[in-house]
Amino acid sequence: MAERGILEEWDVKVIGTGITAIKIADDRDLFRKTMIENGIPIPRSKKANSISEAVQAADEIGYPVMVRVAYTLGGQGSGAARDKEELIEIAMRGLVHSRIKQVLIEEYIGKWKEVEYEVMRDCEDNCVIVCNMENFDPMGVHTGDSIVIAPSQTLTNREYHLLRMAAFKVIRALGIIGECNIQFAIDPNSEQFKVIEVNSRLSRSSALASKATGYPIAYIAAKLAVGYTLPELMNKVTEVTTACFEPALDYVVVKIPRWDFQKFKDVNRKIGTQMKSVGEVMAIGRTFEEALQKAIRMLDIDIELTDVDDIEVGKDDLFALEMIEYGLENPTDKRIFFIVKALQSGIDVKRIHFLTGIDPWFLNKIKGIIDLQESLKKNLTPETMRRAKQLGFSDKKIGDVIKKSEAEIRRIRKSLGIVPVIKQIDTLAAEWPAVTNYLYLTYNGDKDDIEISRKSKVAVLGSGCYRIGSSVEFDWCCVNMAWALKRKGIEEVIMINYNPETVSTDYDILDKLYFEELTLERVLDIVEREVPNGVVVSVGGQIPNNLAMKLAGNNVKILGTSAEDIDGAEDRSKFSTILDELAIEQPRWSRLETIEKAKEFAKKIGYPVLIRPSYVLSGSAMNVAFDKKQLEDYLKRATSVSKEYPVVITKFITNAKEVEVDGVCDGENVFIGAIIEHVENAGIHSGDATMSIPSIDISDSVKDTIRDYTRRIARRLNIRGPFNIQYIIKNGDVYVIECNLRASRSMPFVSKTVGINLMDVAAEAILGKRIRDGEASANKFGVKVPQFSFMRLEGADPITGVEMVSTGEVACFGKTFEEAFLKALIAGGMNIPKKGDPILITVGGDKEGLISIAKKFFVKEFHIYATEHTAQALIKNDIKCEILHKVSEEKQPNILNYLISQKIKLVINVLKLKGVQSKKVLDDDYLIRRKAVEFGVPVITNLELTNALINAIR
């Protein structure tokens, strides 16, 4: 806006960090020049605005080189190039994604330590370090994809202060007022360091630093922006010291990223300079080992640090060691587990350090955990039990090691008096008392930091780390539920959560925050100490829901819908039986008993069939099978994901409309928030679908059937709180496909569109009060569209299906569906093609469904390109188009060249949804989609969405 003159035209003053400082930090060349002018060491580098300039710069600097992209987030488009061929590929991508078409070619300093400093500066030049953080992984892995430890563990005191003074020099050189994050590389063999980059704004690292220290970075930065100084602002934790005091930590924080590579076919799991994680966890402990093991459990991937038996490295011992070493040297999301595997296999710390660049201090700590596990196997004494808990072992893990149940270990541990103590985050290592209840549990302590009150209280279980299927939507539900409970007379609301990116883990949002694991062991620890009136499990997504039965089995009161009723909906087999009892239509179904019986059932009802595991989020391991071979493969995956609960097979209904309902029930009265229509037909996961409120194309009679089914299901399941039911509609018939007895991802969207906060309504029901029976209405259109991260996930195919792959969403309002739809697409970053723009259309299999849509593009004067067979179908129907050859054909004019040179503004690549196709056809279509994503061209793979787009374009 500043560059366009808008700020000047409207006399808008930028407060805090100014435009110049932002430019210097984000323009790679300006940043380089500023650092050099101020005598601040940086890697040798040179800017490039073209491929030829990039090649020339790399030749001067010498390979390998780092390619950094100006004005991008999360290392988007960046990479390390070891030769000219790699450089050209990375630079080509980077120049496309850079706002100013600029990349920086920089000397590569892989295996140097990476350290970050969060720095605050006010208008009177007072500076403080809020937090310093050390990356477990060395340079070469994006900090968002690295394990991060705060405070730094391996820097010497001298190194810490060298970087501290350099950080002050950098923030002053840039002229930043407020907060910034500075990334340093430090040579592990000397005190030589270099500044890598600066985020002149709040970042993911800022959120982590804020939660790690208890220092409210965003709040203080806002105050500094309007002219306050650090000495005159109070520390909100102590309410005695000022914001000019640098936080001191008497604990260790470990952050670990969460990846979801398993959801993407053919994705490259290697991690590097371009961030690929979708979320992160933060664990607090008194030792690195305790925090590390906590953090691994928080990832919710159903394994602990030393559970590495599933890492496949071959049967031959020599080959196995080679595979382990390859896994160490080429980092993936499983690197931490490869380190454990290497240590268990006898590879020494020195060798692991050589291959990874990870400091031996960390590696020796992990070795200590492995050694103690071996001691546990030999003899469980009170001393080894206590030591195991101090090093972060869970009761369940100890039980697995010595062949006892988690419940038995808990009983033994408590009989020995080995229980965790409650500690408080106070920002100043207990030098001043804290007034906030920002808490964690540890076995490395003798007494509690707080006294437990006996007020009326409720514990709300949070949503855990962001991952595909669970993001800020559930955090909104948690926080709004907690606020609603306070308004309705609950004296003390306790939040249990561990995600540093959420509002629910802001210590001043609620009465009490336990920054802790959402495991049965830890929730029981807290509940036994706090003795709340009850626990809310229905607003944090799947993790709390999955704990309901186990908590109830330990005599914990579940507020709202009972654990047994939750199980009745989550267990696919039980829910399908209930629908049959109610005589409510559903696709034909069968519980999986054996693979052979599943094949018989599929043959009987006819393919395609849908495999649906129980108790999973975002359609995990859900798949459509078109033949016997696919059925076998998908069933194996589903049973591995849903080990304790049944897998159900249902008939997959094609060419059907999908609709869902968000609502609240008090056991009798049902309040419907909205009937939400999907733009895409059934077969696209609801989290990946484009949604509209109100519905666009559903008859009143169908809506009445949906309302009737919704009320009958809610009452039969005795729901007391929020719920979501999904339906499909074909030829006027309504079928139920699933019911979630919890808040859904769409509830914030529904609440904001209809103007009624569903968490307020749900709080009434959860507390046993009556709600009004009825339905909300919207006086505007709201449209929600998904966000995808395909560009960052090298190799991932940008297609959608029954398993969710989107990593976020946006929603917009409008007077019409078309207005709201286009706004949402633009808000999501899509460049909407304009009249006369060139587009590419290619359709696999039957072209009939495309013709009417292609005609609309033709009538609106778009320049249509098409692949050979699609072009034949278009020309036959009097639609003018030009042929482009597929990438693999290596003939001109070629799709790849047109994508690289930005000669295509939209790719429409619709898949054939009929089982097996030839590998060549699959590969050709994949290459079109993949290259379009890599070069920033929007891709649509769905006919209904394409039709909605062309109808909306004027």
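How many disulfides does the count come to? The count comes to 0 disulfides. The model is a predicted one, and its cysteines are a good place to start. Take Cys127. Its sulfur lies 8.8 Å from the closest cysteine sulfur, that of Cys180, which is too far for a bond. A disulfide would need the two sulfur atoms within 2.5 Å. Seen from the other side, Cys180 is in no disulfide, and its nearest cysteine sulfur is that of Cys127. Both cysteines are covered. Cys127 is buried, at a relative accessible area of 13%. Cys180 is buried too, at 0%.

Next come the rings. The structure holds 15 aromatic pairs. One of them is formed by Tyr117 and Tyr160. Their centres are 5.7 Å apart, and their planes make an angle of 35°. The pair counts as tilted, because stacked needs planes under 30 degrees apart and edge-to-face needs over 60. This contact links distant parts of the chain. Tyr117 sits in strand β5 (residues 113-121), while Tyr160 sits in helix α6 (residues 157-174). The two are 43 residues apart. Tyr117 is buried, with a relative accessible area of 0%. Tyr160 is partly exposed, with 21%. The limit for buried is under 20%, so Tyr160 at 21% falls in the partly exposed class. Tyr117 and Tyr160 also belong to one aromatic cluster with Phe184 and Phe193.

A second pair has another geometry. Phe817 and Phe821 are stacked, with 5.4 Å between centres and 10° between planes. Both residues are in helix α27 (residues 817-827). They are 4 residues apart there, so about one helical turn separates them. Phe817 counts as buried at 8% relative accessibility. Phe821 counts as buried at 0%.

Now turn to charge. Side chains of opposite charge can pair when their charged atoms come close. In this model the count comes to 68 salt bridges. One of them joins Arg158 and Glu191, at 2.8 Å from N to O. Arg158 lies in helix α6, and Glu191 lies in the loop between β8 (178-186) and β9 (193-199), so the pair ties together parts that are 33 residues apart in sequence. Arg158 is exposed, with a relative accessible area of 53%. Glu191 counts as partly exposed at 33%.

Asp307 and Lys397 form another salt bridge, with their closest N and O atoms 2.5 Å apart. This pair also links distant parts of the chain. Asp307 is in the loop between α9 and α10 (317-329), Lys397 is in helix α15, and their positions lie 90 residues apart in the numbering. Asp307 is partly exposed, with a relative accessible area of 27%. Lys397 is buried, with 6%.

What about a salt bridge with both partners under cover? Glu516 and Arg522 form one, their closest N and O atoms being 3.0 Å apart. Both residues are buried. They also belong to a wider network, in which salt bridges that share partners join a set of residues. Among its members are Lys294, Lys389, Asp395, Arg410, Arg413 and Lys414. Glu521, Asp525 and Glu528 are in the network as well.

Lys389 leads on to helix α14 (residues 382-390), where Lys389 is one of the buried residues. The others are Thr384, Met385, Ala388 and Gln390. What covers them? The cover includes α9 (288-298) and α13 (360-378). It also includes α15 (395-402), α16 (406-415) and α18 (520-530). Just after α14, Gly392 takes a positive phi of about 95°.

The last stop is on the surface. Val14, Ile19 and Ile22 form a nonpolar patch there. Together they have about 180 Å² of accessible area. Ile22 is found in helix α2 (residues 19-26). At 31% relative accessibility, Ile22 counts as partly exposed. Patch members need over 30% relative accessible area, so Ile22 at 31% passes that cut-off.

Notes
Residues are numbered from 1 along each chain as its sequence is written. This is a predicted model: local features need pLDDT of at least 70, side-chain atom pairs count only at pLDDT 80 or more; totals for chains, interfaces and linings use all residues. Side-chain values use heavy atoms; hydrogens and water are left out. Patches are made of residues with over 30% relative accessible area and no salt bridge: like charges are joined within 9 Å, nonpolar side chains (Val, Leu, Ile, Met, Phe, Trp, Tyr) within 5 Å. Accessible areas come from the Shrake-Rupley method with a 1.4 Å probe; for residues, only the protein chains shown count as cover. A salt bridge is a side-chain nitrogen of Lys or Arg within 4 Å of a carboxyl oxygen of Asp or Glu. Buried means under 20% relative accessible area, exposed over 50%, partly exposed in between (1.4 Å probe, protein chains only). Contact means heavy atoms within 4.5 Å. Rings of Phe, Tyr and Trp (its six-membered ring) pair if their centres lie within 6.5 Å; planes under 30 degrees apart count as stacked, over 60 as edge-to-face and the rest as tilted.
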